[in-house]
Amino acid sequence: MSKIRTFYQNHLKKKMFNKILLLYSMVMVLLFISISILAYRYYEQRVVREQMDASLQELDIISISLNQQNERMYAAVQQIYTDAMIGDDLKYFLTHEYENFLKWRLNQYANSYRTERNSFDYHLRLLLKAEASIANIVLYSSDQDFYYVLNRETQHFYEQPRLSAAHQDWFERSQIEPWQYMGNEPLFKGKTSGESTPYSYVNVLKDPVSLKKYGAILFELNTDLLRGLLRDKLNNSSSRIMLITSQGQVIFDSEGRYDNTIYPYWKQMSQQEDWVDLEERSKVQLLNIGNTGMVAAAIIPESQIEQSLQTLRFSLIGIVILCILISITVTFTVIRRYSKKIHRIVFYMRRWQEGDLSKRIRMEGEDELQQISQSFNYMCDRLESYIQTVYVSEIKQKNAQLVALQAQINPHFLYNTLESIRMKAISSGARDVGQMIYILATMFRHLIKKQTFVTLAEEIELCGMYLALIQYRYENKLQVETNIEMSVAGSIVVKLLIQPIIENYIVHGFRTDDEDNRISITAAEQEGHILIRVKDNGKGIAQEKLLELRKALQMEAGAASLSSDSLGLKNVQERIRLNYGGEYGINVISEQGKGCEVTIEIPSTKEDWPHEERIVGG
């Protein structure tokens with residue numbers, strides 16, 4: 001763990017390009033490995049599919065050959081039923097004693113009802129001649145209990161022989177399973193063995209009218225000839241081909257390991273899974289041979305598939321390693337080039353940190369690093385220029401401090417002067433003048449405070465002082481009404497939010513010749529917003545000018561210019577949008593000669609305030 005930490009500290013922590021190279025190398029390794037795995041899986045499936053297709057073709061060839069053989073045996077049996085002379089000849093042979101059969105046949109020949117070709121012997125010998133894989137044909141009489149064995153060389157008649165222990169119930173079994181595994185033990189004692197005939201095809205003989213069973217015909221197959229026939233059909237197959245009965249007895253094994261034995265993996269093979277566990281994990285294909293109950297199987301072991309893919313696997317590994325090396329080498333070369341440029345920039349930046357601004361970066365190319373170098377060179381030139389003008393900047397700063405000091409002195413001088421005038425007016429008996437001067441001084445003191453936000457109550461108080469001055473000026477020709485809900489009195493609002501709207505009314509809407517001028521200011525909370533309404537009964541606004549005013553109020557700040565008559569409304573609108581967002585602002589409703597109503601909508605921002613229900617003034 002310590003070695004990893006040391007490697008990280010020395011080679012990765014402060015070296016960006018090493019991190020990039022490491023990350024890129026890991027990505028490329030994973031990418032090439034993933035592609036190689038996908039390619040390998042694809043070719044693996046392709047090889048398996050090709051081998052399985054080839055095996056299926058071989059199974060089809062075997063199936064066609066065996067089906068043709070079985071059809072010939074089945075056709076021979078069917079001819080016994082379709083040809084009445086042959087059927088009667090065989091039936092009489094199996095249902096009567098042999099001496100009586102010979103007399104019956106001689107009578108038939110004598111009466112010219114039949115010839116040699118109409119006998120079952122001739123018919124069965126033709127089948128033996130046509131089918132080399134049939135070793136013996138055995139006729140069994142269930143009524144007379146005798147066996148008649150016919151082969152290519154001779155025929156034998158066995159009267160009531162003693163059956164072998166393994167074949168006591170062969171006749172009953174044949175009615176369920178026509179294909180029977182007889183093994184190497186003969187059917188009955190004394191029967192000539194001849195060729196190896198462990199497998200037999202049995203067909204039970206019935207009377208076509210009464211359907212009474214009177215015997216059976218057995219076709220004993222020469223498995224050596226059958227195996228040779230199957231080997232001739234296989235074209236150097238890479239798969240293992242087996243011919244198995246429904247009970248698992250192996251008739252043919254291309255490897256010769258399980259001939260004439262029970263296949264121990266028959267149950268696993270019958271499950272038909274994707275991969276089957278036999279001697280080893282294998283792919284298995286099964287094909288039923290007609291209605292014989294036999295199954296042809298093609299087995300492809302996994303080791304055989306792996307062996308066929310070994311060359312591909314080594315090739316893919318070599319290609320992946322080569323691609324990774326080439327990719328990392330090219331990437332390392334490119335990154336090393338850019339790393340040198342970065343190191344050069346870092347070197348000059350350290351020189352600049354030490355105070356040497358005379359150095360300039362020379363960088364080739366037109367990439368981002370060259371642009372960074374130009375920017376730093378330009379910055380260095382600007383810094384040198386700034387150093388030369390620093391004294392001028394210091395002088396300007398001192399002048400600005402002096403102006404600020406004078407600005408602090410002038411308001412106090414004005415306060416003192418207004419207070420002296422007020423006291424002089426009071427001493428002379430002009431109390432109204434003194435009160436007006438007091439209000440004006442208070443307003444001025446409030447206006448020049450360095451505050452951007454005040455409470456709504458303070459804003460209404462300022463508006464009240466302004467309206468008080470107007471009432472003194474016009475000798476009570478103006479009636480004022482304020483109605484502010486206590487829930488919004490402590491809310492924080494932008495300074496000078498309402499006063500410009502009132503001033504706009506005094507300048508443009510106030511009727512100096514009338515005694516019934518009225519203005520009302522209300523504030524209430526509605527769904528988390530504060531609605532402030534300033535309503536008057538003044539001159540109102542003409543319809544054309546009102547449309548122009550509304551359009552200008554909807555524009556962005558600085559996008560349109562209003563006449564001097566509406567600059568106050570535009571200023572309030574812009575400050576609301578800047579502080580609260582574009583969804584808030586003012587709305588103007590007016591009709592010429594019937595007054596004007598201005599509604600201000602802002603969000604509610606709370607502050608502690610005395611617990612009263614409402615502030616009402618007039």
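Turned away from the buried side of helix α16 is a face that carries the exposed residues E544, E548, K551 and Q554. The helix belongs to a predicted model, and it covers residues 543–554. Its 12 residues reach 17 Å from the first C-alpha to the last, close to the 16 Å expected at 1.5 Å a residue. On the buried side sit L546, L549, A552 and L553. Looking down the axis of α16, these buried residues fall within an arc of 130°, so they line one face of the helix. The general rule behind such a pattern is simple: an α-helix has 3.6 residues a turn, so residues three or four places apart point the same way.

Next come the nonpolar cores. The largest of them has 50 residues, and the members that touch the most others are L456, L478, L497, I498, I502, I576 and I600. Helix α13 (residues 456–473) supplies the largest share of this core, with 10 residues. Apart from it lies another core, this one of 41 residues, with L66, L128, I134 and F252 among them. Back in the largest core, I502 makes a handy example. Setting aside residues up to four places away in sequence, I502 touches C463, Y466, L467, I519, I521 and V534.

One of those contacts of I502 is a cysteine, C463, which brings up the matter of sulfur links. A disulfide is a covalent bond between the sulfur atoms of two cysteines, and the structure holds 0 of them. C463 has 0% relative accessibility and so counts as buried. C323, by contrast, is partly exposed, because its relative accessibility is 28%.

Strand β5 (residues 199–206) is mostly covered, with 7 of its 8 residues buried. It has a pairing with strand β4 (residues 179–181), where the two run antiparallel and are joined by 3 bridges. Here Y181 finds its bridge partner in Y199 of β5. β5 also pairs with strand β6 (residues 213–221), again in the antiparallel sense, over 8 bridges. In that pairing, K206 is matched with K213 of β6. The hairpin of β5 and β6 has 6 residues between the strands.

L211 lies in the loop of this hairpin and has a positive phi of about 60° although it is not a glycine. L211 counts as exposed because its relative accessibility is 57%. Another leucine, L496, has a phi near 60°, also a positive value in a residue other than glycine. L496 is found in the loop between β14 (492–494) and α15 (499–508). With a relative accessibility of 26%, L496 counts as partly exposed.

Two more strand residues round out the picture. Q285 lies in strand β10 (residues 281–288). A polar residue it may be, but Q285 counts as buried because its relative accessibility is 14%, under the 20% cut-off. Leaving aside neighbours within four places in sequence, Q285 is in contact with M52, S55, L56, L59, A296, A297 and A298. E481, for its part, sits in strand β13 (residues 478–485). With a relative accessible area of 48%, E481 is partly exposed. E481 and R518 are 37 residues apart in sequence, while their C-alpha atoms are 8.0 Å apart in space.

Notes. Residues are numbered from 1 along each chain as its sequence is written. This is a predicted model: local features need pLDDT of at least 70, side-chain atom pairs count only at pLDDT 80 or more; totals for chains, interfaces and linings use all residues. Side-chain values use heavy atoms; hydrogens and water are left out. A disulfide is a pair of cysteine sulfur atoms within 2.5 Å. Buried means under 20% relative accessible area, exposed over 50%, partly exposed in between (1.4 Å probe, protein chains only). A nonpolar core is a set of buried Ala, Val, Leu, Ile, Met, Phe, Trp, Tyr and Cys residues joined through side-chain atoms within 4.5 Å. Helices (H or I, at least four residues) and strands (E, at least two) are DSSP runs, numbered from the N terminus. Contact means heavy atoms within 4.5 Å. Two strands pair if DSSP finds at least two bridges between them. The expected span of a helix is 1.5 Å times one less than its number of residues. The arc is that of the directions from the helix axis to the C-beta atoms.
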